[in-house]
Amino acid sequence: MFQDQSFSIPVDQIDCRLVGNFQLQDRVEDVRKSTWAAVCAKRPAAFDGALLRMASFRVEGERLSIVASRTRFSAYVATRHPTFVSEYPEADRADPLGLTAIVMTGDGNVIVTKRSLLADQNPGGLYLIGGYAEPGESDGPLDLFNEIAREVEEEIAVRDVTRSAAVAVGLAYDPVFCHPELFLLMPSKSTAADILSGADAAADRNEASELLFYSVDDILDDNGPHKNATLTWSFIKARKFLQLHSR
């Protein structure tokens, strides 16, 4: 775990290098196998996909450097609970790198999603757009913009986020579903109405029960339309980082 990092770093100033595979300690590996067996018993279609584990990071001026390795979703499930550190004080978590996109529309709104009630994490909570970065098959540089742009396309069918205007606004550690999360402001040329009308074509549209849009002022306002809603941790952090970025 680390303290929140607030910054305004263009995506082309983010260096992410993939190096090797993360291995759980033997004792934790046994837990992973039993935990994943239980997950599959409840959800036979569960997929143990490859994820990008953030091993370390460094912020220097307007540059963010990340060193990462490969892990798997099953390793994350086995190590994401808050009590893991006390149960296994000498072991490391899977720590997959989560990505949250603050999608800014061409008419000055932010796309907000409401999590499906069937979601594994934060069912029914207000959320933005996000997922986990995936590693390549070969070690070397990894473009995190492509990773988050893929999530935006899969969830709301938006393909016109502007790379030259995309900015990382913060990095924080989720204390509930323990893992690091990188927050990025992703401007789109499309209007909010156009995005909502076309989102049904998205491959992962069912991850959200509802799509909304709020003005930037409403997002930044503590008494905005989200005031009485159930808010996810990532929504709360995204607001905080956007407030700092907008000053």
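The second largest pocket of this predicted model holds about 210 Å³ of space. Its lining consists of Asn-21, Phe-22, Gln-23, Leu-24, Glu-29, Arg-32, Ala-50, Arg-70, Thr-71, Arg-72, Ser-74 and Ala-75. By class, these residues divide into 4 nonpolar, 4 polar and 4 charged. Three elements, namely helix H1 (26-42), E4 and H2, each supply at least two lining residues. Strand E4 contributes the most, with 3 residues.

Strand E4 leads us to the sheet. E4 belongs to an open sheet of 4 strands, in the order E3-E4-E2-E9, and the pairing is mixed. The edges are formed by strand E3 (50-60) and strand E9 (140-141), each of which pairs on one side only. Strand E4, residues 63-72, runs antiparallel to E3, and 10 bridges join the two. Within this pairing, Arg-53 stands opposite Ser-69 in E4.

I turn now to the largest pocket. Its space comes to about 1,200 Å³. Of the 38 residues that line this pocket, Phe-73, Arg-115, Asp-120, Tyr-132 and Glu-207 lie nearest its centre. Two or more lining residues come from each of E3, helix H2 (73-79), strand E5 (98-104), strand E8 (129-132), H4, strand E11 (179-187) and helix H7 (233-246). By class, the lining divides into 15 nonpolar, 10 polar and 13 charged residues. Which element gives the largest share of this lining? Helix H4 does, with 4 residues.

Helix H4 therefore deserves a closer look, beginning with its length: its 13 residues, 144-156, should span 18 Å at 1.5 Å a residue, and the end C-alpha atoms are indeed 18 Å apart, so expectation and model agree. At the N-terminal end, Asp-143 acts as the cap of H4, with a side-chain oxygen 3.0 Å from the backbone nitrogen of Phe-145. After the helix comes Ala-157, whose phi is positive, near 60 degrees. Which residues of H4 are buried? They are Leu-144, Phe-145, Glu-147, Ile-148, Ala-149, Glu-151, Val-152, Glu-155 and Ile-156. In reading that list, one may recall that an α-helix has 3.6 residues a turn, so residues three or four places apart point the same way.

Strand E5 is another element of the largest pocket's lining. How many of the residues of E5 are buried? The count is 7 of its 7 residues. Both faces are covered, with Gly-98, Thr-100, Ile-102 and Met-104 on one side and Leu-99, Ala-101 and Val-103 on the other. E5 pairs with E11 in the parallel sense over 7 bridges, and Leu-185 in E11 is the bridge partner of Ile-102. With E8, strand E5 runs antiparallel, joined by 4 bridges. There, Thr-100 stands opposite Gly-130.

Ile-102 also brings us to the enclosed space. The model contains 1 cavity of 30 Å³ or more, and the largest cavity has a volume of about 40 Å³. Besides Ile-102, the residues that line this cavity are Val-110, Leu-128, Ile-219, Phe-235, Ala-238, Arg-239 and Leu-242. Helix H7 provides the largest share, 4 residues. The lining has 7 nonpolar, no polar and 1 charged residues.

To close, I would set the three linings side by side. The largest pocket has 15 nonpolar, 10 polar and 13 charged residues; the second largest pocket has 4 of each class; and the largest cavity has 7 nonpolar residues and 1 charged.

Methods
Residues are numbered from 1 along each chain as its sequence is written. This is a predicted model: local features need pLDDT of at least 70, side-chain atom pairs count only at pLDDT 80 or more; totals for chains, interfaces and linings use all residues. Side-chain values use heavy atoms; hydrogens and water are left out. The expected span of a helix is 1.5 Å times one less than its number of residues. Buried means under 20% relative accessible area, exposed over 50%, partly exposed in between (1.4 Å probe, protein chains only). A polar contact is a pair of N or O atoms within 3.5 Å; within protein, one must be able to donate a hydrogen and the other to accept it, and residues adjacent in sequence count only if both atoms are side-chain atoms. Two strands pair if DSSP finds at least two bridges between them. On a 1 Å grid over the protein atoms alone, a cavity is a set of points where a 1.4 Å probe fits but cannot get out, and a pocket is an open set with protein on both sides within 12 Å along at least five of seven lines; lining residues have an atom within 4 Å of a point. Grid points are joined across faces, edges and corners, and a volume is the space filled by probe spheres set on the points. Ala, Val, Leu, Ile, Met, Phe, Trp, Tyr, Cys and Pro count as nonpolar, Asp, Glu, Lys and Arg as charged, and the others, Gly among them, as polar.
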